[in-house]
Amino acid sequence: MTLLIVGGSGFLGTELVRQAVSAGRPTAATYTTRPGSAPGVTWRSLDLRDPGSVEAVVAEVNPRVIVNASSGGADWAVTAEGPVRLAIAAAKAGSRMIQVSTDAVFSGKSHVPYDEHCKPDPITPYGAAKAAAETVLLLHPDAAVARTSLIIGDGQSEHERTVHELAAGTREGVLFTDDFRCPVHASDLAAALLELASGDTTGVHHLGGNQALSRHELGVLIARRDGLDASRLPTGLRADSTLPGSLNIRLDSRSTQRKLRTTLRGAHQFLAPTAWTPQPADRAPRGRW
């Protein structure tokens, strides 16, 4: 049966689509502005703000599993209400659902590191919207939430672009030395999500990398991998800035990791200059669909 990837033309969604197709999964994906270019995929336009659009796409595709990898930022109608509409449609269609969430649902003020039993206490609009989206667990008995952290690719992520622009002096700003996360590689995250999708898991799961480091430490690793001068990366303290955000959100993913074949590597591993990123066909799980 079909896998439906909501937000399939986005950064994470593109990797999910690529791995699913490489594994031979019947795959459908949605887009907001333009479809992706992956062959063999059924593309559908979807507006998560429109209940009619959500119900129509789910009914037409009739997926076994829906993975919501969409990104609406702090737009409440998309990021908070959209997943709720999706969960209602999924329950009606008898489809399982995996909602991709974020470590930003936590404040970083207590319970560090955060495991799957910790309750959200967001302090930013984006974190609040993502926390609200996690109520899909109350609306659909076959729903799961997968919280992750900063997603890094092989040059395509927002964080990598920022490092390149800061090193080149074409962007203003700093990399915080007191803001800690557990970055994860997009290929590892996609493989883990597809592994969860191939089973019957529900509830909350953490899918962060196995190392915590500051945004500046992450930037230095990116710069070294890409042959940039890491000394050109400006540093600062989030505590001294006016930007909202948490200082110390370390996801404890050990419980979920023990259930997975996919290894959620740390940034020192996947950003090493000689690191090899396995191709999707090598990583995609072969579970039940």
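In which loop is Gln156 found?

**View 1. Gln156 and its surroundings in the predicted model.** The structure shown in this and the following views is a predicted model. Gln156 is located in the loop between β7 and α7, and, with a relative accessibility of 44%, this residue counts as partly exposed. When neighbours within four places in sequence are left aside, the residues in contact with Gln156 are Phe11 and Arg161. Glu60, by comparison, is separated from Gln156 by 96 residues in sequence and by 32 Å in space, taken from C-alpha to C-alpha.

**View 2. Helix α7 and the elements that its buried residues pack against.** Helix α7 spans residues 158-168, and within this helix His159, Glu160, Thr162, Val163, Leu166 and Ala167 are buried. Seen down the axis of α7, these buried residues fall within an arc of 160°, so they line one face of the helix. The elements against which the buried residues of α7 pack are β7 (151-152), β8 and α9. Just after the helix comes Gly169, which takes a positive phi of about 75°.

**View 3. The largest nonpolar core.** This core has 30 residues, and those with the most contacts inside it are Leu12, Leu16, Val67, Ile98, Leu193 and Leu207. At least two residues of the core are supplied by each of β1 (3-6), α1 (11-22), β2 (27-31), β3 (41-45), β4 (65-68), β5 (96-102), β6 (143-148) and α8. Helix α8 gives the most to this core, with eight residues. For Leu193, leaving aside its neighbours within four places in sequence, the residues in contact are Leu12, Leu16, Ile98, Val100, Ala146 and Leu207. A second core, separate from this one, has 19 residues, among them Val57, Val78, Leu86 and Met97.

**View 4. A salt bridge between helices α4 and α2.** A search of the whole structure finds 16 salt bridges, and one of them is formed by Lys92 with Glu55, whose closest N and O atoms are 3.9 Å apart. Lys92 lies in helix α4 (residues 81-93) and Glu55 in helix α2 (residues 51-61), so this pair ties together parts of the chain that are 37 residues apart in sequence. Lys92 is exposed, with a relative accessible area of 68%, whereas Glu55, at 41% relative accessibility, counts as partly exposed.

**View 5. Asp179 and Arg215, a pair within a network of salt bridges.** The closest N and O atoms of the salt bridge between Asp179 and Arg215 are 2.8 Å apart. The pair links distant parts of the chain, since Asp179 is in the loop between β8 (175-176) and β9 (180-181) while Arg215 is in helix α9 (residues 215-225), 36 residues apart. Asp179 counts as buried, at 0% relative accessibility, whereas Arg215 counts as partly exposed, at 21%.

**View 6. A salt bridge between Arg265 and Asp188, with the network of linked salt bridges.** Arg265 forms a salt bridge with Asp188, in which the closest N and O atoms are 2.8 Å apart. Arg265 lies in the loop between α10 (254-257) and α11 (267-270) and Asp188 in helix α8 (residues 186-197), so the pair ties together parts that are 77 residues apart in sequence. Arg265 is buried, with a relative accessible area of 12%, and Asp188 is also buried, with a relative accessible area of 0%. Elsewhere, salt bridges that share partners join Asp103, Asp179, Arg181, Arg215 and Arg238 into one network.

**View 7. A nonpolar patch on the surface.** Ile88, Leu138 and Leu139 make a nonpolar surface patch of about 320 Å². One of these residues, Leu139, has its place in helix α6 (residues 136-139), where Leu139 is partly exposed, with a relative accessible area of 39%.

**View 8. Asn62 and its positive phi.** Asn62 has its place in the loop between α2 and β4, and this residue is partly exposed, with a relative accessible area of 40%. The phi of Asn62 is near 50°, which is a positive value in a residue other than glycine. Most residues other than glycine have a negative phi.

Key: Residues are numbered from 1 along each chain as its sequence is written. This is a predicted model: local features need pLDDT of at least 70, side-chain atom pairs count only at pLDDT 80 or more; totals for chains, interfaces and linings use all residues. Side-chain values use heavy atoms; hydrogens and water are left out. A salt bridge is a side-chain nitrogen of Lys or Arg within 4 Å of a carboxyl oxygen of Asp or Glu. Helices (H or I, at least four residues) and strands (E, at least two) are DSSP runs, numbered from the N terminus. Buried means under 20% relative accessible area, exposed over 50%, partly exposed in between (1.4 Å probe, protein chains only). Patches are made of residues with over 30% relative accessible area and no salt bridge: like charges are joined within 9 Å, nonpolar side chains (Val, Leu, Ile, Met, Phe, Trp, Tyr) within 5 Å. Accessible areas come from the Shrake-Rupley method with a 1.4 Å probe; for residues, only the protein chains shown count as cover. The arc is that of the directions from the helix axis to the C-beta atoms. Contact means heavy atoms within 4.5 Å. A nonpolar core is a set of buried Ala, Val, Leu, Ile, Met, Phe, Trp, Tyr and Cys residues joined through side-chain atoms within 4.5 Å.
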